[in-house]
Amino acid sequence: MGLQVSERSTRGKTLDSVLFRVGVLAALRSKKLDGKTIGVMVTASHNPEPDNGVKLVDPRGEMLESSWEAHATAFANAPNSVAFIAAVDELVKATKIDLSIPARVVYARDTRPTSPQLAAALKDGLEAIKADYRDAGVTTTPVLHYLVRTINTKGTKDSYGEDTEEGYLTKLSDAFKKLLAGKPTPPPLLIDCANGVGALMAERFKAYLGGIFNINLVNADLHTPGALNNSCGADFVKVNQKLPPSITLQPGQRACSLDGDADRLMYYYADERGQFHMLDGDKITTLVASYIVELVKASGLDEQIKVGVVQTAYANGSSTKYLSGRLPVKCVPTGVKHLHHAAEQYDIGVYFEANGHGTVIFSPAAQELISSHKPSTALTNLRNIIDVINQTVGDALSDAFLVETVLAHKSFSGVEWDSMYCDLPNRLVKVVVSDRNAFKTEDAERRLVSPPGLQARVDELVRKYEGGRSFVRPSGTEDVVRVYAEAATRAEADELAFRVAGLVYDEAGGDLSKRPKEFL
């Protein structure tokens, strides 16, 4: 039997129609999973304010199962209501969905001006399919992921906490306060909120943290049009490798930036000369993984619990070298879904993309061991670490509390943290091509298999540079190819990146007369 859905045509913008359809998709996903609650987040994350989009969340707080991404694309791209309803019927038949099962969805939105209208279109879709829904209002992406997991595990042995924003704030702040108890009060942490929804959550955390930890918020303007992610936030810092112009640091001061929906985190500090130093996702991985390994060993569980790290090809070579000498390191293709899945294969899996998105995942068996093992200071710290971490997804504020915990326990400033290893200078270049699908990769996107012969020429170039490494990978969303390079010096990293970009440009049939002059 086909599903009867009529699409409202009164909404003018294309994305309204997409959100209506996402509402239907989320409800069908819930029905397919026996009425488990599915999450929908209206946000465009680190992108400019005029952009908007949507993220779907599966029952354990993880991202939507990849096999359903094709269905989401088919729904979004259906040219009219008739085609959309045909796509719905096809999904119901192909996945054998029992339409009599109730559907449950929780949704939230960020602070973008278009988000209320899009959330209303989403709600229309949910109502069209008669789904039960809960509006979680304006909140961060990580809070929505937390809510999905807590709703679905409520009253079970896997209960993840109270299924409210207050439950989230209480769980994280209580664990953080226990971890800082008895330690000298750290200097206040300056947090750049990207003029986004993270400012609301960071402000709420202040009341829960009391005097044990102080945070000062900047770029917390939620009212000025165009301010979101504009010359501020985690992505600005990572891409430009410099401070947002709105921030001045005193020598020795540390600070961090969230992105627009608070699921990415970038740290940095000023040295004694006032010079800016960035502490990205690779630096966070190294700090956190090393500390967790120490705690596991001190708890006497190092024979039973194995800690591993997951990275992508974008991880700085120095971080990979440092970590590989201490614990297992796996490289996977770019994308949180790949990292999260690989991290689940370890007892404790640590992953952070270089862009600052990441978390730590504890397997059920590891959590059981940690909760039942004979108590010790290290073990108590491990238990509280589990509660301060949002295991469902990258969570900038949770990750900041984790970083601050390690810094306090190791008596590290930004300088000591940064000196764990020295980053190789690197450069990322974008080459516009007519067909990104001509570029295919293997070995976790580190080597090209087509066009034929191009990888050999890249290898030949790389051999000419001390500490040289470069890879070429197509974008997943636009007709561009990204070239990453690193080498012993900044000048050499830049030169290698541009020379490889030149190879890509020529291979793609670029017009020599229009070849960018920097593509050597």
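Which residue is the bridge partner of V310 in β11? Let's work up to that one together.

**Before you start**

This is a predicted model, in which local features need pLDDT of at least 70 and side-chain atom pairs count only at pLDDT 80 or more, while totals for chains, interfaces and linings use all residues. Residues are numbered from 1 along each chain as its sequence is written, and side-chain values use heavy atoms, with hydrogens and water left out.

**Exercise 1. Find the bridge partner of V310 in β11, then describe the sheet around it.**

Step 1. Helices (H or I, at least four residues) and strands (E, at least two) are DSSP runs, numbered from the N terminus. Two strands pair if DSSP finds at least two bridges between them.

Step 2. Strand β10 covers residues 307-311 and pairs with β11 in the parallel sense, over three bridges. In β11, the partner of V310 is K330.

Step 3. Now widen the view: the order β11-β10-β12-β13 makes an open sheet of four strands with mixed pairing. β11 (329-331) and β13 (358-362) are the edge strands, each pairing on one side only.

Step 4. Add the helices. Contact means heavy atoms within 4.5 Å; axes are lines fitted to C-alpha atoms, for helices over the stretch in contact, and angles run from 0 to 180 degrees between N-to-C directions. Helix α9 (residues 281-298) lies across β10, β12 (348-352) and β13, at about 165 degrees to β12. Helix α10 (residues 317-324) lies across β10 and β11, at about 165 degrees to β10.

**Exercise 2. Work out which strands stand at the edges of the sheet β14-β18-β17.**

Step 1. Read the order: these three strands form an open sheet with antiparallel pairing.

Step 2. β14 (426-432) and β17 (469-474) each have a single partner strand, so they stand at the edges and one side of each has no neighbour in the sheet. From one strand to the next, the twist averages 15 degrees.

Step 3. Check one pairing: β14 and strand β18 (residues 480-486) are antiparallel over seven bridges, and R427 stands opposite A485 in β18.

Step 4. Look for the helix: α17 (residues 490-507) packs on this sheet and touches β14, β17 and β18, its direction making about 20 degrees with that of β14.

**Exercise 3. Describe the hairpin formed by β8 and β9.**

Step 1. Strand β8 (residues 265-270) and strand β9 (residues 276-279) pair in the antiparallel sense over four bridges. One partnership to look for is Y269 with H277 in β9.

Step 2. Five residues lie between the two strands, and in the turn G274 has a positive phi of about 85 degrees.

**Exercise 4. Explain what the salt bridge between D58 and R29 ties together.**

Step 1. Side chains of opposite charge can pair when their charged atoms come close. The rule here asks for a side-chain nitrogen of Lys or Arg within 4 Å of a carboxyl oxygen of Asp or Glu, and the count comes to 27 salt bridges.

Step 2. In one of them, the side chains of D58 and R29 meet at 2.8 Å, N to O. D58 lies in the loop between β2 (54-57) and α2 (69-77) and R29 in helix α1 (residues 14-32), so the pair ties together parts that are 29 residues apart in sequence.
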